[in-house]
Amino acid sequence: MRQFRYATSQILVHWFSALAIVFLLITGTFILAELPNTPEKVGNLRIHMLIGGFAGLLVLWRFWLRGRHPVPPPVIGHKLARIVRMAMNLGILLLVISGTVLAFQSGAFEAVFGSGSLPADFMEFLPRKVHGILTKVVMGLVALHVAGALYHQFFLRDRLMAHMGIGK
Ligand code: HEM
């Protein structure tokens, strides 16, 4: 039987989102959060904010596409997978909201896209703490999502990843 395959637009949006989220989680944790808030940090923050906003738009775009294309047939564990996916999408949207509120509240938005300066410490602001906790939650959910895909691919051998354009 021929494998189900998402529409090309859905596959592209999925892999661009994955790239953006993994990039933001890794560089945010190991570079951005470690840098002192000097003017040299502004360029890094600008990239983070732009890609972060773009990641949020991709989530909304994915929702929109999902309503317009066929859904895959149910597989083992699809209910759990759906819960993980929904939590991940919610987590990403909350990251964008908390990041945006933080950027305005701390003056970072003005510093990055205008002429102000960065705050002494982002941790003084509650949305920064929320943003930091959410990043850990989303990391866990991404790990579960990837583990589920690999479990199907290599243990159940049902070629589930072909849905997202990997293999046939
Ligand atoms: C999916 C979207 C996003 C992800 C995955 C993400 C990820 C991260 C990560 C991993 C950190 C470091 C957290 C830590 O180690 O405690 C961080 C910090 C930060 N993020 Fe985001 N972020 C996203 C969106 C945004 C957006 C849209 C903005 C602003 C418009 C933003 C602004 C910030 C700021 C200001 C910091 C603090 C940097 C510091 O402490 O020096 N983020 N983000």
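# Reading a predicted five-helix model

Modeller: By class, the shell around the ligand consists of 14 nonpolar, 10 polar and 1 charged residues. Please bear in mind throughout that this is a predicted model.

Colleague: Before we return to the ligand, how many helices and how many strands does the secondary structure of the protein contain?

Modeller: One begins such a reading by listing the elements. The protein has 5 helices and 0 strands. Read from the N terminus, the order of elements is α-α-α-α-α.

Colleague: What are the dimensions of the box that the C-alpha atoms fill?

Modeller: Taken along the principal axes, the box filled by the C-alpha atoms is roughly 60 × 25 × 20 Å.

Colleague: What percentage of the 168 residues count as buried?

Modeller: A residue is called buried when 20 or more other C-beta atoms lie within 10 Å of its own. By that criterion, 21% of the 168 residues of the protein are buried.

Colleague: Among contacts between residues at least 6 apart in sequence, what share joins residues at least 24 apart?

Modeller: The share is 76%.

Colleague: I should now like to understand helix packing. How are two packed helices described?

Modeller: Two quantities are used: the angle between the axes of the helices, and the distance between those axes. Let us take a first case. The axes of helix H1, residues 8-30, and helix H2, residues 42-66, come within 9 Å and cross at roughly 150°.

Colleague: Are H1 and H2 roughly parallel or roughly antiparallel to each other, and why?

Modeller: Angles over 145 degrees count as roughly antiparallel. H1 and H2 are therefore roughly antiparallel. As for handedness, H1 passes H2 in a left-handed crossing.

Colleague: Which residues make the contact between H1 and H2?

Modeller: On the side of H1, the contact is made by Ser9, Gln10, Val13, His14, Phe16, Ser17, Ala20, Ile21, Phe23, Leu24 and Gly28. On the side of H2, the residues are His48, Ile51, Gly52, Phe54, Ala55, Leu58, Val59, Trp61, Arg62 and Leu65. Sorted by class, the contact of H1 with H2 has 13 nonpolar, 7 polar and 1 charged residues.

Colleague: How is H1 placed with respect to helix H5?

Modeller: The axes of H1 and H5, the latter spanning residues 126-156, come within 11 Å and cross at roughly 135°. That angle makes H1 oblique to H5. The crossing of H1 and H5 is left-handed. Ile21, Leu25, Gly28 and Thr29 of H1 meet Thr135, Val138, Met139 and Val142 of H5. The contact of H1 with H5 divides into 5 nonpolar, 3 polar and no charged residues.

Colleague: Let us return to the ligand. Which of the 25 residues around the ligand come nearest?

Modeller: Leu24, Gly28, Gly52, Gly99 and Gly132 come nearest. One may also ask which elements contribute to such a shell. H1, H2, helix H3 (78-106) and H5 each supply at least two residues. H3 gives the most, with 7 residues.

Colleague: Where does Gly132 lie, and how far is Gly132 from Leu95 in space?

Modeller: Gly132 is in helix H5. Although Gly132 and Leu95 are 37 residues apart in sequence, their C-alpha atoms are 8.8 Å apart. Gly132 counts as partly exposed because it has 15 C-beta neighbours inside 10 Å.

Colleague: How should I read Phe109 in the same manner?

Modeller: Begin with the element. Phe109 lies in helix H4, residues 108-113. With 16 other C-beta atoms within 10 Å, Phe109 is partly exposed. Leaving aside residues up to four places away in sequence, Phe109 touches Ala103 and Phe104. The C-alpha atoms of Phe109 and Ile47, which are 62 residues apart along the chain, are separated by 12 Å.

Colleague: Finally, I turn to the backbone. What is phi of Arg157, and what is phi of Arg159?

Modeller: Phi of Arg157 is near 55°, a positive value in a residue other than glycine. For Arg159, phi is near 55° as well, again positive in a residue other than glycine. Arg157 is found in the segment after H5, and Arg159 is in the segment after H5 too.

Colleague: Is Arg157 buried or exposed, and how should Arg159 be classed?

Modeller: The count of C-beta neighbours decides the matter. Arg157 has 8 of them inside 10 Å and so counts as exposed. Arg159 has 13 other C-beta atoms within 10 Å and is therefore partly exposed.

Note on methods
Residues numbered from 1 in each chain as written. Predicted model: local features only at pLDDT ≥ 70, side-chain atom pairs only at ≥ 80, totals over all residues. Helix = DSSP H or I, 4+ residues; strand = E, 2+ residues; numbered from the N terminus. Buried ≥ 20, exposed ≤ 12 C-beta atoms within 10 Å, placed from the backbone. Contact = placed C-beta atoms within 7 Å. Axes fitted to C-alpha atoms, helices over the stretch in contact; angles between N-to-C directions. Parallel < 35°, antiparallel > 145°, perpendicular 65-115°, else oblique. Left-handed = near helix turned anticlockwise from the far one by under 90°. Nonpolar A, V, L, I, M, F, W, Y, C, P; charged D, E, K, R; others polar. Near = placed C-beta within 6 Å.
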